[in-house]
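Hi,

Here is the structure for you to look over. My notes come after it.

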Amino acid sequence: MIILTIRTDKPDAEIGLYDNEVKLEYLTWTAHRQLAETIHQKIEGILKKQSKNWQDINAVACFKGPGSFTGLRIGLTVANALAYSLQIPVVGASEENWLHNSIHALLDGENDIQINPEYGRDVHITKPKK
């Protein structure tokens with residue numbers, strides 16, 4: 001099973017490609033405010049490096065928080081969109097061992113269907129000025 005891993009909760013984003021539990025490729029880059037512009041390019045880059053394409057991805061594992069509102073939103077949107085469009089399972093985890101736990105959950109046949117972010121605190125919504 002080819003698993004794409006995504007972590008985007010901080011300025012340094014991380015993606016990985018695994019064959020079951022075997023790491024094929026792992027990339028960390030300073031994405032900061034360019035995450036939305038770079039994440040697809042970075043995923044495509046590690047796929048090409050491993051002679052794979054988007055359709056070769058069998059599952060997605062992602063870190064769901066806590067962390068940056070925008071970073072989590074972008075990363076989880078990519079994970080959910082890939083899972084939906086490729087009709088593959090997606091699993092999210094939030095603990096320190098998120099990578100190990102989410103890969104094992106996928107290998108055990110789990111599927112969260114859609115990952116919702118965990119920001120680590122209540123949402124702060126400002127009241128309209130008018």
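Below are the conventions, then the overall fold, then one helix.

This is a predicted model, so local features need pLDDT of at least 70 and side-chain atom pairs count only at pLDDT 80 or more, while totals for chains, interfaces and linings use all residues. Residues are numbered from 1 along each chain as its sequence is written, and side-chain values use heavy atoms, leaving out hydrogens and water.

The protein chain has three helices and five strands (DSSP runs, numbered from the N terminus: H or I of at least four residues, E of at least two). Their order from the N terminus is β-β-β-α-β-α-β-α. The radius of gyration is 15 Å, close to the 14 Å of the globule rule for 130 residues, so the chain is as compact as a globular protein of that length (C-alpha atoms; the rule is 2.2 Å times the number of residues to the power 0.38).

Of the 130 residues, 40% are buried (under 20% relative accessible area, 1.4 Å probe, protein chains only). Among contacts with a separation of 6 or more, 58% join residues 24 or more positions apart (contact means heavy atoms within 4.5 Å).

Now to α3, residues 98-107. Its buried residues are W98, S102, I103, A105 and L106. They fall within an arc of 160 degrees seen down the axis, so they line one face of the helix (the arc is that of directions from the helix axis to the C-beta atoms). Their cover includes β1 (2-7), β2 (12-19), β3 (22-30), β4 (59-63) and β5 (90-93). After α3 comes G109, with a positive phi near 90 degrees.

Best regards

Methods
Buried means under 20% relative accessible area, exposed over 50%, partly exposed in between (1.4 Å probe, protein chains only).
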